[in-house]
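Biologist: Got a minute to go through this one with me? Let's pull it up first.

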Amino acid sequence: MQEINHVAVLDFGSQYTQLIVRRVRELGYFAKLYALEDFPNIGKPGAIILSGGPKSTSEPDAPDLDFEALKGFGVPVLGVCYGMQLLNIKFGGSVKASNRREYGPATLVPGESSGLYEGVSKDSQVWMSHSDTVENLPACAVVIAANQHGTPVSLKWGESFYGIQFHPEVTHSHEGNRILHNFLLTAGELEPFHIEDFKRELIEGIKQTVGSKQVVCGVSGGVDSTVLAVLLHEAGVNVRAIYVDHGLMRKDETAEVQNNFHRMGVEIETIDASERFLGALAGVADPEAKRKIIGELFIDTFWDAVGDAEMLAQGTLYPDVIESASNAKSKASKIKTHHNRVDRILELQAQGKVLEPLAELFKDEVRALGASLGIAHDILWRHPFPGPGLAVRCPGDITKEKLDIIRECDAIFIGKLKEHGWYEKVWQAYAGLIPVKTVGVKGDERSYEWSTNLRAVVSDDAMTADWVELPSQILRETSNRILNEVRGINRVLYDISTKPPASIEWE
Ligand code: XMP
C-alpha cells in the first residue's frame with residue numbers, strides 16, 4: 001500500500017502495539033507499524049500514534065525519538081502510555097518513575113471540551129497497564145481527562161498532540177475505538193482501508209514482481225495458504241501449489257483439500273509421504289522428538305518435490321512478521337540449529353525470491369480477502385489445524401491403527417458440531433486419543449480398550465483458551481455414536497481444562 005496519508009504507528013515495544021494497527025484498520029483507515037529505528041522514514045503519514053512500551057522513560061536506554069522530526073510531519077500525534085510520558089518530557093514536563101504497577105480497570109472522567117472524548121460516556125471503563133506517571137505538566141499542556149480519583153490520564157499539548165495513559169486498543173477499554181476514531185477525525189484525509197482496493201494493489205504488485213517466473217507454494221488446506229494460492233492464481237501467476245500428505249491428516253482431508261482447490265480452479269500437486277512419516281515416527285513417544293521428526297521430514301519432502309524453485313511464496317501474516325522482528329536475535333540463533341533446507345529459504349529470501357503477499361494482513365483480513373477472491377465460507381472458517389496434524393493428539397507412539405481411531409472419533413464429533421450449528425461458535429474442536437486401556441462391557445463381553453478425549457475451546461488468539469459448555473445433547477449423541485461405531489474405544493471423555501494451565505493440544 002502507498003505510505004501516504006496512512007496512520008503510522010511507532011513501536012515502543014508494548015505487547016499491545018499490533019492491536020493499535022488492527023483497531024485503526026477496523027475503523028476503516030490504513031495503518032502500518034514501524035520499528036523505532038525506521039523513524040523518521042515512515043512515508044508521509046496523515047496521523048502518527050506512539051505506542052506504549054515496557055521501559056521507563058528514566059532508564060538510560062529508554063527508547064527515544066527525534067522530536068523535531070516528529071513535529072516536522074505537521075500531523076496529529078497520539079501518545080499511548082509510554083508514548084504519552086515521552087511526549088510530556090519532550091514538551092518540557094516530567095514523569096515520575098515508580099516501581100508500583102497499575103494494572104487493570106479504571107474509570108474515565110473526560111473533561112468538558114475535548115474532541116478526543118466526544119460522545120464517550122462519563123464513567124467509561126478504561127484499561128491501565130503502567131508504572132510511571134506524568135508529573136509536572138508544561139505550560140502548553142491541558143488535562144483533557146482524569147480517572148475516578150482526579151488523576152490526569154489524558155493530556156493535550158498545543159493543537160494537535162494528544163496523550164492517553166490507558167490503552168484504548170484493548171477491548172477492556174470499553175469505548176477505546178471511539179476515542180481512537182475521534183483522534184483520527186482530527187487528522188486531514190486519511191488513506192481508507194478497503195479489502196477490495198488492497199486486493200487490486202496486491203495483484204498488481206504480484207504481477208510486477210513475478211512476471212513470467214514460476215512460483216512454488218506449499219498448501220495445507222488451511223486458510224492462509226489457500227488464500228495465498230488463490231491470490232497467486234488470480235494474479236495470473238504460473239503457480240505450483242504443493243500439498244504434502246504426511247499421513248497425520250483428518251478423515252478424508254486430503255481428498256477434501258484436492259476437491260476444494262479443484263473447485264477454485266487451482267490444481268495442486270499432492271505428495272503422499274504418509275509411509276515415510278509413519279516409518280520415521282515408529283516407536284517414538286517423546287512429544288518434542290515427534291515434532292522434530294515431522295518438522296524436518298516435512299521440509300525435506302517439500303523441497304524434494306520442489307526441485308529448483310525460481311520463486312517461493314509463503315503465507316506469512318502480519319503477526320508473524322512482527323513476532324519475528326521482535327525476536328530477531330533469538331530467531332537467528334534458533335534457525336542455525338535447524339536445517340540446511342531452512343538455509344535455502346533464507347538464501348532465496350536474500351535474493352528477493354520469497355514472496356509474502358499477506359504479510360501486512362491480520363487473520364480476519366485474510367478471511368475478508370479470501371471472501372473477495374470467491375473462496376467458499378466453509379474453507380475460510382475452518383478451525384485451525386496444527387502443522388504436525390494428529391501427532392499432537394496422539395500421546396505416546398504413533399501407529400496407523402491409533403490414527404484411524406482418532407480420525408473416526410474426530411469426524412463424528414465435528415459432524416455433530418456442524419449438525420447442531422456449533423462448529424463456528426468454537427475456536428477449535430477435535431477428538432484425540434488417550435492410549436490407556438480401561439475395562440468396559442460391549443455386548444456380552446468385557447472390553448479392554450482406549451478412550452477418546454473430546455476438546456472444544458473458545459479463544460481469541462490461542463494464547464489463552466476456555467473450554468466450551470456444549471449442550472449435553474451434542475455430547476450425548478457424539479458419545480453414543482463413537483461408542484457404537486468406533487472399534488477400539490470404550491470411553492468418551494470431555495476435556496474441561498482451561499489454557500493455561502493446559503494447552504489446547506495434548507502434546
Ligand atoms: P497449544 O496446544 O499450544 O496450541 O495450546 C495453540 C494453537 O496452536 C496450534 N498448534 C500448532 N500449530 N504447529 C502448528 O502449526 C504446531 O506444532 C502446533 N502446536 C499447536 C494448536 O492447534 C492451537 O490452535
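Modeller: Sure, we can start with the ligand and then move to the sheet; keep in mind that this is a predicted model.

Biologist: Which residues surround the ligand?

Modeller: The ligand is ringed by Arg291, Pro384, Pro386, Gly387, Pro388, Trp427, Gln428, Ala462, Lys499, Ser503, Ile504 and Glu505. By class, that shell has 6 nonpolar, 3 polar and 3 charged residues.

Biologist: And what lies 2.4 Å from an oxygen atom of the ligand?

Modeller: That's a polar side-chain atom of Arg291. In the side chain of Lys499, an N or O atom is 2.7 Å from a ligand oxygen. Gly387 uses its backbone: a polar atom there is 2.9 Å from an oxygen of the ligand.

Biologist: How much of the ligand's accessible area does the protein cover?

Modeller: It covers 68% of the 490 Å² that the ligand has on its own.

Biologist: Okay, switching to the sheet. What's the strand order?

Modeller: It's an open sheet of 9 strands, running S2-S1-S3-S4-S11-S10-S9-S6-S7, with mixed pairing. Strand S2 (31–35) and strand S7 (124–130) each have a single partner strand, so one side of each has no neighbour in the sheet. On average, neighbouring strands are turned by 30 degrees against each other, ignoring direction.

Biologist: Does anything pack on it? I mean, which strands does helix H1 touch?

Modeller: H1 (residues 17–26) touches strand S1 (7–11), S2 and strand S3 (47–50). The direction of H1 makes about 160 degrees with that of S2.

Biologist: Back to S7: how does S6 pair with S7, parallel or antiparallel?

Modeller: Antiparallel, over 7 bridges, with S6 spanning residues 102–110. Ala106 sits opposite Val126 in S7.

Technical notes: Residues are numbered from 1 along each chain as its sequence is written. This is a predicted model: local features need pLDDT of at least 70, side-chain atom pairs count only at pLDDT 80 or more; totals for chains, interfaces and linings use all residues. Side-chain values use heavy atoms; hydrogens and water are left out. A residue is near a molecule or strand if one of its heavy atoms lies within 4 Å of it. A polar contact is a pair of N or O atoms within 3.5 Å; within protein, one must be able to donate a hydrogen and the other to accept it, and residues adjacent in sequence count only if both atoms are side-chain atoms. Accessible areas come from the Shrake-Rupley method with a 1.4 Å probe; for residues, only the protein chains shown count as cover. Ala, Val, Leu, Ile, Met, Phe, Trp, Tyr, Cys and Pro count as nonpolar, Asp, Glu, Lys and Arg as charged, and the others, Gly among them, as polar. Two strands pair if DSSP finds at least two bridges between them. Helices (H or I, at least four residues) and strands (E, at least two) are DSSP runs, numbered from the N terminus. Axes are lines fitted to C-alpha atoms, for helices over the stretch in contact, and angles run from 0 to 180 degrees between N-to-C directions. Contact means heavy atoms within 4.5 Å.
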